[in-house]
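Here is a model to go through by question and answer. Each answer sets a value against its definition.

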Amino acid sequence: MLDNLSTSLKDALKKLAGKSVIDRAAVDELVKDLQRALISADVNVKLVMELSKAIRIRSLDEQLPKGTNVREHVLRIVYQELVRLVWASADIRLEPQIILMAGLQGSGKTTTTAKLARYFQKKGMKAGVICADTFRPGAYDQLSTLCAKINVPCFGNPLEKDAIKITREGLGNLKDLETVIVDTQGRHALEADLIKEIIELNNLTKATHRWLVIDAALGQQASEQARRFHEAINIDGVIITKMDGTAKGGGALSAVAETKSGIAFIGSGETIEDLERFDPDGFISRLLGMGDLKALLEKAEGAIKPDDIDVNAMMKGKFTLRDMYKQLEALNKMGPLKQIMGMLPMGNMELPEGVYDVTSTKMVRYRIIMDSMTPYELDDPSLINSSRMQRIARGAGATPDEVRELLKYFKMMQRTLKGLRSGGGKFNMQRLMKRFSGLQ
Amino acid sequence: MFGGLKEKLQAARDRLGSSIQGAEANQAPATDAIETATDAAAKKTVSPGAPTFADKVKVLVIDRELIVSEKDISDALSELEMTLLESDVALPVCDAIIARVRTSLIGKHRKIGRSVDALVVGALKSALLEVLGNGFNLVDYIKTHSRPVKILFTGVNGTGKTTTVAKIGAYLKKQGYTVVIGGGDTYRAGAIEQIGVHAERIGLKIIQHQEGADPSAVLFDSVQYAVSHKIDVVLADTAGRFHTKSNLMSQLEKIRRVMKPDLVVYVDEAVAGNDAVIRAAEFDRTVGADAIVLTKVDMDSRGGAAISIAHTIGKPLMFLGTGQRYEDIMLFEPAQVVEELLGSDS
């Protein structure tokens, strides 16, 4: 459904392409599509109306800058208005600080607390956490288990019912550490007692930052909740969680507009490393359902070293198992394939569903199987007959079926790449790969 | 409950009502003057499609009735659309409801003097009722099925599955059933402790393995336990998972194969926005869903998610979670909810 929306947005933009005079009707249509895209991404309806009004007025009134066409002009305005909304990303300093976490039940505060501790730890700071969630059973066990994995001290007491008391003791206990993160119980803005509690916690800790954790799927309610939290403890940053699902995180946009703060981090997975700094460009692209090459390129920059992938050979149609091996290795560092494909501006291009189905564990299996092949087999998979298959399987501790599956996957990748190369449309793989190599 | 939605629907209903009334006022004075002229025109137009002006006048004069036209209500309908969107009803679902109200209103003959309200409320009511379906009475279900009744809970992370399992356990215990809980969330840190504490507080037996164990095995054991101890209901908790993770979804499929649940209950939260529709559809497609539990209803007075999910997968809502205590759970009765939303009669 959302794909349809972004398609219609693109169609509307296409209508503007090539025009040298601004067409009122086309702009109106674009604005209407934009509204629908934003509303179905859960951005607050009132906010959408304000935004689209501003875009419409600016598109019609502003002089067309020389050398740009209407489409670029309108796109630029759309982009500027959206960036204005997300504000600057929240400031994160590596200095002694206390961070107070706030949010609704089930938004992912505890997991995010551990991820944050890991983030600051990786940046070379001494981090510690306090578990001030005295309500939910197992909250302390959850946080202390996560912290034990990364060697971060976790203060808490599952038997104590007074969050204020625990926090006070915890602050004393962890006073030698540079970054202390206080995880709190989930609460919503209509629970007066709990709001009072978090105000007290804020006064007690004199927190440097008060971050609101928002579930990416949170809908229209986001504005209201954010406003109430902001009134209570003056929120200065928002963290969006569960961005690895299909939710667009428009609720966070409403929250940011309401608290006049920025988005600090994005949580996008279940492991403790899955925390990213916020990137407005990527976020907006996702919100509108339009690809984001920039984020991908940044990811690729970190993950792919020169001559990891022989782009030229691949473009010539020579895609061997060896290439796939390197590719799997590189992709593994960048994250799941679907996530990466989602970032590419491929427009309407459809990839076979099976391409995505290779999970990270499977990738590891595939690599082990390929390790058991001879160089000749890697260069020319057609050599592999049933006796070779037996040998490969035995060498890799796999079944011949798994080897067959790998070969099937390889063929699919090969076909897909071929399709990309010859595929028409504005986007082709060639151009993408060139960009990749340009970075190296 | 759903106070916000109620308020807004009332306002939308008034708008719809008044715009139809307004249309009536516009038409009425014109009738005398054009009466003769339209006689001829009326004969010519035999188009069965949209009512022409002549048709309208004819009906007005002869039957003393009004035809509601698209133009009369389009403003009010777009306002209703905004209302629904602001209440977190997902966009496609909202479109469907609006279309339903529109087709049921347009072309309606209405006797002059009959209340506009009744017409509008009727249309809205039937549209909402159709979307929300019939409720689902768990106790009735258990009564009519062979024991143990196995119920599997699914949903994405953080929607409140574990709490819901505990609440339903407490509810069934109060109804006099014996219940065993299967601690199928072996992934999330602290999950085993969480459900363990819940079970202890309510006084229910729980079957658990250690962290990282195969959830299918845990839940299979729970069912075996229930069979050998003649227990009425098995409540199977699972780890939260995103519908985009194909390996986790196939794990859920395996769980379903192994424990063969009588009911698959999909748990989602009332505050979720448009994504609620996407993930509900995906869960329904891969592991199926027989009933829905909507949690965190106390956070949000709008309740649009209830409408979105129910419409998308066409399955009944079973319970609403309305707070943090075990007794904060209520049966969902659509007729009552719709009645409450739109006011009984006016």
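Q: How many residues does each chain bring to the contact between chain A and chain B?
A: Chain B brings 42 residues and chain A brings 44 residues. Contact means heavy atoms within 4.5 Å. The model is predicted: local features need pLDDT of at least 70, side-chain atom pairs count only at pLDDT 80 or more, and totals for chains, interfaces and linings use all residues. Residues are numbered from 1 along each chain as its sequence is written, chains are lettered from A and ligands numbered from 1 in the order in which they are written, and side-chain values use heavy atoms, with hydrogens and water left out.

Q: What area do chain B and chain A bury between them?
A: About 3600 Å², with 54% of it on carbon and sulfur atoms. Buried area is the accessible area (1.4 Å probe) that two parts lose on being put together, summed over both.

Q: What makes the pair Asp244(A) and Lys245(B) a salt bridge?
A: The term requires a side-chain nitrogen of Lys or Arg within 4 Å of a carboxyl oxygen of Asp or Glu. Here the N to O distance is 2.8 Å, and the side chains of Asp244(A) and Lys245(B) meet the rule. Across the interface of chain B and chain A, the rule finds three salt bridges.

Q: Which element gives the most to the side of chain B that touches chain A?
A: H8(B), with five residues. Helices (H or I, at least four residues) and strands (E, at least two) are DSSP runs, numbered from the N terminus.

Q: Why is Glu197(A) called buried?
A: Buried means under 20% relative accessible area, exposed over 50%, partly exposed in between (1.4 Å probe, protein chains only). Glu197(A) has 16% relative accessibility, so it counts as buried. Glu197(A) lies in helix H8 (residues 192-205) of chain A. Beyond its neighbours within four places in sequence, Glu197(A) is in contact with Ala163(A), Ile164(A), Gln185(A) and Arg187(A).

Q: What makes strand S7 of chain B largely enclosed by the rest of the structure?
A: Seven of the seven residues of S7 (residues 263-269) are buried, so the strand is largely enclosed. Leu263(B), Val265(B), Val267(B) and Glu269(B) point one way, while Val264(B), Tyr266(B) and Asp268(B) point the other way.

Q: How do you know that S7(B) and strand S8 of chain B pair?
A: Pairing needs at least two bridges found by DSSP between two strands. S7(B) and S8 (residues 291-295) have five bridges, in the parallel sense. In S8(B), Ala291(B) is the bridge partner of Val265(B).
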